[in-house]
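Subject: The structure I promised you

Hi,

Here is the structure to load into your viewer. My notes on what turned up follow right below it.

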Amino acid sequence: MVMVHIFNKPWVGIILCEQQLGPHRGLTVQQKYLDAIVAAGAVPVPLVHQLGQDEESLAAMLSRLDGILLTGSYSNMEPHHYGESGDEAHTDRGRDNLSLQLIAAAQRMKLPLLGICRGFQEMVVASGGSLYRQLHETGLFAEHRENKDLPLAQQYAPAHSIQPAAGGLLAQLAGEDEHRVNSLHMQGAKSTGPGVRVEATAPDGLVEAISLPDHPFALGVQWHPEWQSRDNGLSRALFDGFVIACRDYAGHRNSV
């Protein structure tokens, strides 16, 4: 950890996703998340699912980290985590197990936390909330899924506005004016847990960002700020604010 002190680059743990890679199972992370963390001035550290099965190893890793990033994913949380029955397509049990432990640890340790898309949904569930499993089937909301037939640049183009809540963490980072964000998700927040602050909503009323109570920096966003993160003012503000919080955490930990 002397490296963190000398070069002032915090270490950010990034959760991985289980994928089928040919005949083998693998743990992966999309490069855009790594690029966003590096560009904001931090060092990405992969968090393997095995940490969720080994309390001692997880504690050792957490003692070295200055922040946690919960990425988006093509997988969904298993519905029993938020009180629903039945099966869910494209689940990742190892990620569910680790992410819920990471969120609990981040709250306990006041470790900076940023959740994106699935990571946002994990924060919703971990705080006692629930999810809509198929937003487009509720009849309550606009279309929030991307058109996968389009080029990536169009899939990640701004799709709707969000309105930050006055005085919230998101407003502190990016101002209280409306912002345009992309939208690439099928599920969404149905309810939020006790004390959770809603940081932003979409025009149709869907919750787009939350923060966790009694925490200096625990922010979850439903959109994808990691896409070309330095080319968008809101995305830069989110990642820069997160890494500054990680740097502050590292400085405090190293001074103790």
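Let's begin with the largest pocket, which comes out at about 490 Å³ in volume. Keep in mind that this is a predicted model. The lining of that pocket is made up of 26 residues, and those nearest the centre are S73, Y74, E146, K148 and L184. Three elements give two or more residues to the lining: α2 (31-39), α5 (118-126) and α6 (152-155). If you sort the lining by residue type, you get 8 nonpolar, 12 polar and 6 charged.

Next, the charged pairs. As a reminder, side chains of opposite charge can pair when their charged atoms come close. The structure holds 12 salt bridges, and three of them are worth pulling up on screen.

The pair to start with is K32 and E226, whose side chains form a salt bridge at 2.4 Å, N to O. K32 sits in helix α2, while E226 is in the loop between β13 (218-221) and α8 (233-255), so this salt bridge ties together parts of the chain that are 194 residues apart in sequence. Both partners, K32 and E226, are buried.

Then there is R133 with E88, a salt bridge in which the closest N and O atoms are 2.9 Å apart. Here both partners come from loops: R133 from the one between β7 (130-132) and α6, E88 from the one between β5 and α4, so the pair ties together parts that lie 45 residues apart in sequence. E88 has a relative accessibility of 14% and counts as buried, because the cut-off for that is under 20%.

The third is R95 with E122, where the closest N and O atoms are 2.7 Å apart. This one links distant parts of the chain, from helix α4 (R95) to helix α5 (E122), 27 residues apart. R95 is buried at a relative accessible area of 0%, and E122 is likewise buried at 0% relative accessibility. The two also belong to a network of salt bridges that links R95, D96, R118 and E122.

D96 brings me to E78, which has D96 among its contacts. Leaving out residues up to four places away in sequence, E78 touches T91, R93 and D96. E78 lies in the loop between β5 (67-70) and α4 (93-109). Buried or exposed, then, is E78? It counts as buried, with a relative accessibility of 11%. The side chain of E78 also makes a polar contact with the side chain of H80, at 3.1 Å.

A couple of spots where sequence and space can be set side by side:

- M61 is in helix α3 (residues 55-62). M61 and G13 are 48 residues apart in sequence, with 8.7 Å from C-alpha to C-alpha. The contacts of M61, again without residues up to four places away in sequence, are V45, P46, L47 and L51.
- G205 is in the loop between β11 (197-201) and β12 (207-211). The C-alpha atoms of G205 and I162 are separated by 9.6 Å, with the two positions 43 residues apart along the chain. G205 counts as partly exposed, at 44% relative accessibility.

Finally, some backbone geometry to look at if you plan to go through the torsions. Most residues other than glycine have a negative phi, and most peptide bonds are trans. Which residue has a positive phi of about 60 degrees although it is not a glycine? That would be K110. K110 lies in the loop between α4 and β6 (113-116) and is partly exposed, with a relative accessible area of 34%.

Q228 is another such case: it is not a glycine, yet it has a positive phi of about 45 degrees. Q228 lies in the loop between β13 and α8, and with a relative accessible area of 47% it is partly exposed. You have met that loop already, since E226 of the K32 salt bridge lies in it.

That's everything from my side. Happy to go over any of it with you.

Cheers

Note on methods: Residues are numbered from 1 along each chain as its sequence is written. This is a predicted model: local features need pLDDT of at least 70, side-chain atom pairs count only at pLDDT 80 or more; totals for chains, interfaces and linings use all residues. Side-chain values use heavy atoms; hydrogens and water are left out. Helices (H or I, at least four residues) and strands (E, at least two) are DSSP runs, numbered from the N terminus. Buried means under 20% relative accessible area, exposed over 50%, partly exposed in between (1.4 Å probe, protein chains only). A polar contact is a pair of N or O atoms within 3.5 Å; within protein, one must be able to donate a hydrogen and the other to accept it, and residues adjacent in sequence count only if both atoms are side-chain atoms. Contact means heavy atoms within 4.5 Å. On a 1 Å grid over the protein atoms alone, a cavity is a set of points where a 1.4 Å probe fits but cannot get out, and a pocket is an open set with protein on both sides within 12 Å along at least five of seven lines; lining residues have an atom within 4 Å of a point. Grid points are joined across faces, edges and corners, and a volume is the space filled by probe spheres set on the points. Ala, Val, Leu, Ile, Met, Phe, Trp, Tyr, Cys and Pro count as nonpolar, Asp, Glu, Lys and Arg as charged, and the others, Gly among them, as polar. A salt bridge is a side-chain nitrogen of Lys or Arg within 4 Å of a carboxyl oxygen of Asp or Glu.
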